[in-house]
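Colleague: I'd like a close look at the aromatic side chains in this one. Could you walk me through how they pair up, and then add whatever else catches your eye along the chain?

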Amino acid sequence: MKTIQAYRFALDLTAGQERDMLAHAGAARVAHNWALAKVKAVMDQRAAERSYGVAEEHLTPSLSWSLAGLRKAWNATKPEVAPWWPEVSKEAFNTGLDALARALKNWADSRNGKRAGRPVGFPRFRSRRRTTPSVRFTTGAIRVAPDRMHVVLPRLGSLKLHESARKLARRLDNGTARIMSATVRLDGGRWHVSFTVEVDRVEGTPARPGSVVGVDVGIKHLAVLSTGELVDNPRHLVAAQQRMRSLGRALSRKTGPDRRSGRRPSKRWERAATRLGRAHTRVANLRRDGLHKLTTRIATTYDTIVVEDLNVTGMLANRQLARHIADAGFAEIRRQLAYKTVWNGGRLLIADRWYPSSKTCSGCGAVKTKLALHEREYACKACGLVIDRDCNASLNLATLAATFDTAGSGPVAARGADQKTRVRGQVATKREPGTTSVGQTGTVPPQGGTTKRVLTAAH
Ligand SMILES: [Zn+2]
């Protein structure tokens, strides 16, 4: 099975290498901004000529918006615009032009209705302050050094890794992986290299064939499984979150920038902002690490995994930090499980977002009309069951899987699931609450509907 995977490593750059990287990132920006200015100038010129009544065929020829077209225009002009161009890799300019070509295409597609989702704005100029420095290498000698502690990139030479790249190196050595590109970027105050790799994976089988597990993503715990297992948040996460909050308060006490009065931020504010940024990165890293460990374990163990769909309305209604973090984790768990179940030969089922997994009694199936967020225990009035709220929800999700198999065995249901899969794919990539993609309009909540509407297979 061929898959595209990313391998990301932190780098330990020398001061000189860091300067080189920033020079490359700057070159990417220069090419991007030059090409954007050129595109705008041609567009304005054509609009002006049209307003004077110039015939279409006599207008200033339009500039090609494709990467090849932009590159051709750039190469013709670079000796004037950037006489220093031989000092950096051509990949740097390519990075900037590629980003612009994509942005222009997205804008055009969005305007013509060819692109779903929120309207895409016209590309903007990139400022040195606001842009994340990044360069992508797609050609030339990109490799992992034999010691597995260095990577070699064109022009930049050998860069030291913060941790060993042995997993990737092993795959490269035995021929099950091929590096397609490498991107170096400054992420959360730290340089990283991310390889896009085509990996030939051996498909696994779940350790427990035929097993079913429901996963409920919680606030207090990372997740609750229908087996009754509470998966805790990673160690140090709570401490890191507390530090993040206190640094946030410290920042708000300092003199920050003000756009209206044009006030520049104080040095203390800038230092505090850097500290806060690092704390944010650490929290994100800890969470991601915990989620990866969890999803890998679940995907290698269980055959069928049932999760809930993203709760969009809940995300809108709740502005609490904790809830936001849980919601973000929610989408991430689902994304990771979707591809890890493919790798491991299992399957992922997604419960409809209107399925009342928390409000349903896992003992007798009675549904409550109301269950406030602070009620941590589910107490059933019908059968007297008292159970942890998240545990109850995960049990309901697991029970759903059995009904899916009976309802989903017919050809009609299978086709329905297939169609929905495509729609789901779009939903999964959307992170903003309250937006509806084009493919989704007309979806109505199932009202006492059949199971095949409540559950869909992710792949
Ligand atoms: Zn009950």
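Modeller: Sure. Keep in mind that this is a predicted model. Searching the whole structure turns up seven aromatic pairs. Take Trp65 and Trp107: their ring centres sit 6.0 Å apart and the planes make an angle of 50 degrees, so this pair is tilted. It ties together distant parts of the chain, since Trp65 is in the loop between α1 (15–51) and α2 (67–81) while Trp107 belongs to helix α3, 42 residues apart. As for cover, Trp65 is partly exposed because its relative accessible area is 27%, which falls between the 20% and 50% cut-offs. Trp107, at 12%, is buried.

Next come Trp74 and Phe93, another tilted pair, at 5.0 Å centre to centre with 40 degrees between the planes. This one also bridges distant parts of the chain: Trp74 is in helix α2 and Phe93 in helix α3, 19 residues apart. Both rings are tucked away from the surface: Trp74 is buried at a relative accessible area of 1%, and Phe93 is buried at 3%. These two also belong to a cluster, in which ring pairs link them with Trp34 and Trp84.

Staying with helix α3, there's a salt bridge to look at. Lys105 and Asp109 both lie in that helix, four residues apart, or about one turn, and their side chains meet with an N to O distance of 2.7 Å. The two partners contrast in cover: Lys105 is exposed, with a relative accessible area of 52%, whereas Asp109 is buried at 13%. Asp109 has another partner in Lys114, and that salt bridge is 3.9 Å from N to O. Since the cut-off is 4 Å, the contact with Lys114 still counts as a salt bridge. Lys114 itself is exposed, with 64% relative accessibility.

In the whole model, the count of salt bridges comes to 15. Another of them joins Asp187 to Arg185, where the closest N and O atoms are 3.6 Å apart. Here both partners are partly exposed, Asp187 at 23% relative accessibility and Arg185 with a relative accessible area of 32%. Arg8 comes in here too, as Arg8, Arg185 and Asp187 are linked in a network of salt bridges.

Other charges gather in a positive surface patch, formed by Arg128, Arg129, Arg243, Arg264, Lys267, Arg268, Arg271, Arg275 and Arg278. Helix α6 (residues 267–301) gives the most to this patch, with five residues. Arg128 comes from elsewhere, namely the loop between α3 (90–111) and β2 (134–137). With a relative accessible area of 66%, Arg128 is exposed.

Last, a couple of backbone spots to click on. Most residues other than glycine have a negative phi. Arg155 isn't a glycine, yet has a positive phi of about 70 degrees. You'll find Arg155 in the loop between β4 (150–153) and β5 (157–161), and with 51% relative accessibility it counts as exposed. His236 has a positive phi as well, about 75 degrees, again without being a glycine. His236 is in the loop between β10 (230–231) and α5 (237–252), and it counts as partly exposed at 45% relative accessibility.

Notes: Residues numbered from 1 in each chain as written. Predicted model: local features only at pLDDT ≥ 70, side-chain atom pairs only at ≥ 80, totals over all residues. Heavy atoms only, no water. Patch = residues over 30% accessible without salt bridge, like charges linked within 9 Å, V, L, I, M, F, W, Y side chains within 5 Å. Areas by Shrake-Rupley, 256 points an atom, 1.4 Å probe, with all protein chains shown as cover. Lys, Arg positive; Asp, Glu negative; His and termini not counted. Charge placed at Lys NZ, Arg CZ, Asp CG, Glu CD. Helix = DSSP H or I, 4+ residues; strand = E, 2+ residues; numbered from the N terminus. Buried < 20%, exposed > 50% of the residue type's maximum accessible area, 1.4 Å probe, protein only. Phe/Tyr/Trp six-rings, centres within 6.5 Å; stacked < 30°, edge-to-face > 60°.
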